[in-house]
Amino acid sequence: MAGKSEPLTPRAKLAVTAGKAAAAVSRAAGKGSGSVIGGKVALRLDPDLLARLARHLDVVLVSATNGKTTTTRLLAEALRAGGPVVSNALGANMPAGITSALAGGSDARFGVIEVDEKYLAGVARDVAPKAIALLNLSRDQLDRAAETRMLAEKWREGLAGSEAVVVANADDPLVTWAASSSPTVVWVAAGQSWKDDAWSCPSCGGVLQRPGDDWYCGECGFRRPTPTWALSGDHVVDPYGVAWPIHLQLPGRANKSNAAVSAAVAATFGIDPKVALERMYKVQAVAGRYDVVSFQGRDLRLLLAKNPAGWLETFSLIDAPPTPVILSVNARGADGTDTSWLWDVDYTRLSGHPIMVIGDRKLDLAVRLEVANQQFTVCADLDEAVRTAPPGRIEAIANYTAFQDLRRRVGN
Ligand SMILES: [Zn+2]
């Protein structure tokens, strides 16, 4: 399957070189890794470059509202059992960033690529993936239910007739509906803890019935497909009924779910679940997420949560009260400028935790916590929040740019 040695055309080579040069200039100017600008320059010179680079690889795409960066890391680690891997590990997940990542991996067999939800259909068309992993779809910061439904529709259209093996979470009705246009689907019972966006049938708009772990539409008959893989507690059960233990350094149920899907994808490339899961144990932190850092003599665990479903998952993995919790929210470009999503989060799960609130939008968050009857302290910045926190390891939960601010401040 791999190693089809079809050399790049002179134009494609020029595009890769020009892209690398642009990235180097951007880096030298202190503007980050330069991978996005490099990819943009390269794609302008050769619009087919992404397709050309992917032709040499067995490509897997990973998309979701939450967990795609972590799953990409877990899966890349698992597939290394089968050969060298190139991946957009830094999370640049739109076409320019993906192009730039692939340009750096000419010796790879596998391309494991995180794709922004909005670009999935287009990237899938360009790179002819062997597999596509779809984890979950819920509203992101600005999106409302109707936008999420439209995104599912774009996936569904894009996947119709796809030659990829689609590995999809059968517990997420929107993902199921999006994936079921695809001729080959491997269904994984990977769980879904955020159900607020999944009470109406994606197919007919009827009310979904959700008895236990099952779901179905009483109006049109659209229902949960029978999964062949399942997350069951701390194990992933394969199609033969064998339960493989999941040992991760990454915390929480959501990451077990990500591991279960990754094991199912790895199996489509002939990699044994035992081998795949053992390799996933190596993943420690993903772009600083879950990292425990030392700051002002205290241990701080850095947790990224960008949207309501992400906050819910994150609350479920923090240490029990009275562990102090710092919450930080910004509303800059990458976060979405509207903070009304804060109202969709159930903060009663934080009861008993001392809460310190920081970030550009700390007052929005304070109002929300007040309404939820939580005790909290508004602090000027991270330093003050850490000084205010009672003893013990501190959990610091932040949305996107607030998380970057935290990492900068703690020097991580
Ligand atoms: Zn229906």
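# Briefing: salt bridges, a zinc site and packing

The side chains of Arg301 and Glu395 form a salt bridge, with an N to O distance of 2.9 Å. This pair connects distant parts of the chain, since Arg301 belongs to strand β13 (residues 298-304) and Glu395 to strand β17 (residues 394-398), 94 residues apart. Please keep in mind as you read that this is a predicted model. Below you will find the charged pairs, the zinc ion, a hairpin, a helix and two buried residues.

**Salt bridges**

- The structure contains 19 salt bridges.
- Both partners of the opening pair, Arg301 and Glu395, are buried.
- Glu395 also meets Arg393 in a salt bridge, at 3.8 Å from N to O. Through shared partners, salt bridges join Arg301, Asp319, Arg393 and Glu395 into one network.
- Within that network, Glu395 has a relative accessibility of 0% and counts as buried, whereas Arg393, at 28%, counts as partly exposed.
- Another salt bridge pairs the side chains of Lys274 and Glu278, at 3.0 Å from N to O. Both residues sit in helix α10 (residues 273-280), four residues apart, which is about one turn of the helix.
- As general background, an α-helix has 3.6 residues a turn, so residues three or four places apart point the same way.
- Lys274 is partly exposed, with a relative accessible area of 44%, and Glu278 is partly exposed too, at 48%.

**The zinc site**

- Which protein atoms are the donors of the zinc ion? They are the SG atoms of Cys201, Cys204, Cys217 and Cys220, lying 2.3 to 2.4 Å from the ion.
- The arrangement is tetrahedral because the four donor atoms subtend angles of 101 to 113 degrees around the zinc ion. For reference, the ideal angle for four tetrahedral donors is 109.5 degrees.
- Along the chain, the zinc donors follow the spacing C-x2-C-x12-C-x2-C. Cys201 lies in the loop between β6 (185-189) and β7 (208-209) and Cys217 in strand β8 (residues 216-217), so this pair ties together parts that are 16 residues apart in sequence.
- Cys201 counts as buried at 3% relative accessibility, and Cys217 counts as buried at 3% as well.

**The hairpin of β12 and β13**

- Strands β12 and β13 pair in the antiparallel sense, over four bridges. Across this pairing, Val293 stands opposite Leu300 in β13.
- Side chains alternate along β12 (residues 292-295): Val293 and Phe295 point to one face and are buried, while Val292 and Ser294 point to the other and are not.
- This fits a general pattern: in a regular strand the side chains alternate between the two faces of the sheet.
- The hairpin has two residues between the strands, and Gln296 takes a positive phi near 50 degrees there.

**Helix α12**

- Which residues of α12 (residues 362-371) are buried? They are Leu365, Ala366, Arg368 and Leu369. Viewed down the axis of α12, these buried residues fall within an arc of 165 degrees, so they line one face of the helix.
- Those buried residues pack against three strands: β14 (325-328), β15 (355-358) and β16 (376-378).
- On the face of α12 turned away from its buried side, you will find the exposed residues Leu363, Glu370 and Val371.
- Asn373 follows α12 and has a positive phi, near 65 degrees.

**Two buried residues and their contacts**

- Thr70 has its place in helix α4 (residues 68-79) and counts as buried at 3% relative accessibility.
- What does Thr70 contact, leaving aside its neighbours within four places in sequence? Its partners are Leu250, Asn255, Asn258, Val286 and Tyr290.
- The C-alpha atoms of Thr70 and Ala89 are separated by 9.0 Å, with their positions 19 residues apart along the chain counted as a spacing.
- Val261 lies in helix α9 (residues 253-268) and counts as buried at 2% relative accessibility.
- Not counting residues up to four places away in sequence, Val261 touches Ala133, Leu135, Val167, Val188 and Ala190.
- Val261 and Val236 are 25 residues apart along the chain, and their C-alpha atoms are separated by 9.0 Å.

Conventions. Residues are numbered from 1 along each chain as its sequence is written. This is a predicted model: local features need pLDDT of at least 70, side-chain atom pairs count only at pLDDT 80 or more; totals for chains, interfaces and linings use all residues. Side-chain values use heavy atoms; hydrogens and water are left out. Buried means under 20% relative accessible area, exposed over 50%, partly exposed in between (1.4 Å probe, protein chains only). The arc is that of the directions from the helix axis to the C-beta atoms. Contact means heavy atoms within 4.5 Å. A salt bridge is a side-chain nitrogen of Lys or Arg within 4 Å of a carboxyl oxygen of Asp or Glu. Two strands pair if DSSP finds at least two bridges between them. Donors are N, O and S atoms within 2.8 Å of the metal (3.2 Å for Na, K and Ca); water is not among the atoms, so sites may look incomplete. Four donors count as tetrahedral if all angles lie between 85 and 135 degrees; four count as square planar and six as octahedral if opposite donors are over 155 degrees apart and all others between 65 and 115; anything else is irregular.
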